[in-house]
Amino acid sequence: GSKLHKKEVVEAVSILEAPAMVVVGVVGYVETPRGLRTLSTVWAAHLSDECRRRFYKNWYKSKKKAFTKYAKKYTESKKE
């Protein structure tokens, strides 16, 4: 018979709770003889203020211009 017959079996389990993740950008890589190299980075067209303030050390003193040029370029290329 089984060695675990009439014995209590306990298995360790890890429970991970994390907030929902939001993708704000994607990085494309190309393989070279020396390893991976960044090909290009694509950011989301519209980033929320909660996301943009993560890129600042002092949000209240800043001009809040992060990603404005990228968003402008995105809207201009979308019109064409």
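**Entry 1: the α1–α2 loop**

I started at Phe67, which sits in the loop between α1 and α2. This is a predicted model, so I kept the confidence scores at hand. The backbone caught my eye: Phe67 has a positive phi of about 70 degrees, and it is not a glycine. Buried or exposed, or something in between, for Phe67? I got 22% relative accessibility, so Phe67 counts as partly exposed. The cut-off for buried is under 20%, so that 22% does not qualify as buried.

Next I stepped back to Ala66, also placed in the loop between α1 and α2. Ala66 comes out buried, because its relative accessibility is 15%. What does Ala66 touch, once residues up to four places away in sequence are left out? I found Arg52 and Tyr56.

Then I stepped forward to Thr68, which belongs to helix α2. Its relative accessible area is 30%, so I logged Thr68 as partly exposed.

**Entry 2: Arg52 and its partner**

Arg52 had turned up as a contact of Ala66, so I followed it. I looked for salt bridges and the count came to 1. Which residues make it? The side chains of Arg52 and Asp49 meet there, at 3.6 Å from N to O. Both residues are in helix α1, which covers residues 49–52. They are 3 residues apart, about one turn of the helix.

I checked how covered each partner is. Arg52 is buried, since its relative accessible area is 15%. Asp49 is partly exposed, because its value is 43%. I noted the pair as a buried arginine with a partly exposed aspartate.

**Entry 3: the other positive phi**

I also pulled up Lys6, another non-glycine residue with a positive phi, this one at about 65 degrees. Lys6 is found in the segment before β1. At 78% relative accessibility, Lys6 counts as exposed.

How far is Lys6 from Ala66? I got 64 Å between their C-alpha atoms, with the two positions 60 residues apart along the chain.

**Entry 4: more distances**

I ran a couple of other C-alpha pairs. Ala66 and Ile15 are 36 Å apart in space and 51 residues apart in sequence. Thr68 and Arg37 are separated by 26 Å, at 31 residues apart along the chain.

**Entry 5: a nonpolar patch**

I turned to the surface and found a nonpolar patch of about 280 Å². Val23, Val26 and Val42 make it. I looked at Val23 more closely: it lies in the segment before β1, the strand at 25–32. Val23 counts as exposed, because its relative accessibility is 67%.

For the whole protein, I get about 8,300 Å² exposed. Carbon and sulfur atoms supply 55% of that area.

**Entry 6: overall shape**

After those distances I wanted the global numbers. What elements does the chain contain, and in which order? I counted 2 helices and 2 strands, and the pattern along the sequence is β-β-α-α.

The radius of gyration is 24 Å, whereas a compact globule of 80 residues would be near 12 Å. The C-alpha trace spans about 75 × 45 × 25 Å along its principal axes. Buried residues make up 8% of the 80, and Arg52 and Ala66 are among the buried ones. I also checked contacts between residues at least 6 apart in sequence: 18% of them join residues at least 24 apart.

**Entry 7: confidence**

I finished with pLDDT. The average for the protein is 87, and 98% of the residues score at least 70. Where is confidence lowest, and where is it highest? The low end is helix α2, residues 68–79, with a mean of 79. The high end is β1, at 96. I added a reminder beside my Thr68 entry, as that residue is in helix α2, where the mean confidence is lowest.

Methods:
Residues numbered from 1 in each chain as written. Heavy atoms only, no water. Patch = residues over 30% accessible without salt bridge, like charges linked within 9 Å, V, L, I, M, F, W, Y side chains within 5 Å. Areas by Shrake-Rupley, 256 points an atom, 1.4 Å probe, with all protein chains shown as cover. Salt bridge = Lys/Arg side-chain N within 4 Å of Asp/Glu carboxyl O. Helix = DSSP H or I, 4+ residues; strand = E, 2+ residues; numbered from the N terminus. Buried < 20%, exposed > 50% of the residue type's maximum accessible area, 1.4 Å probe, protein only. Rg over C-alpha atoms; globule rule 2.2 N^0.38 Å. Contact = heavy atoms within 4.5 Å. pLDDT = per-residue confidence, 0-100.
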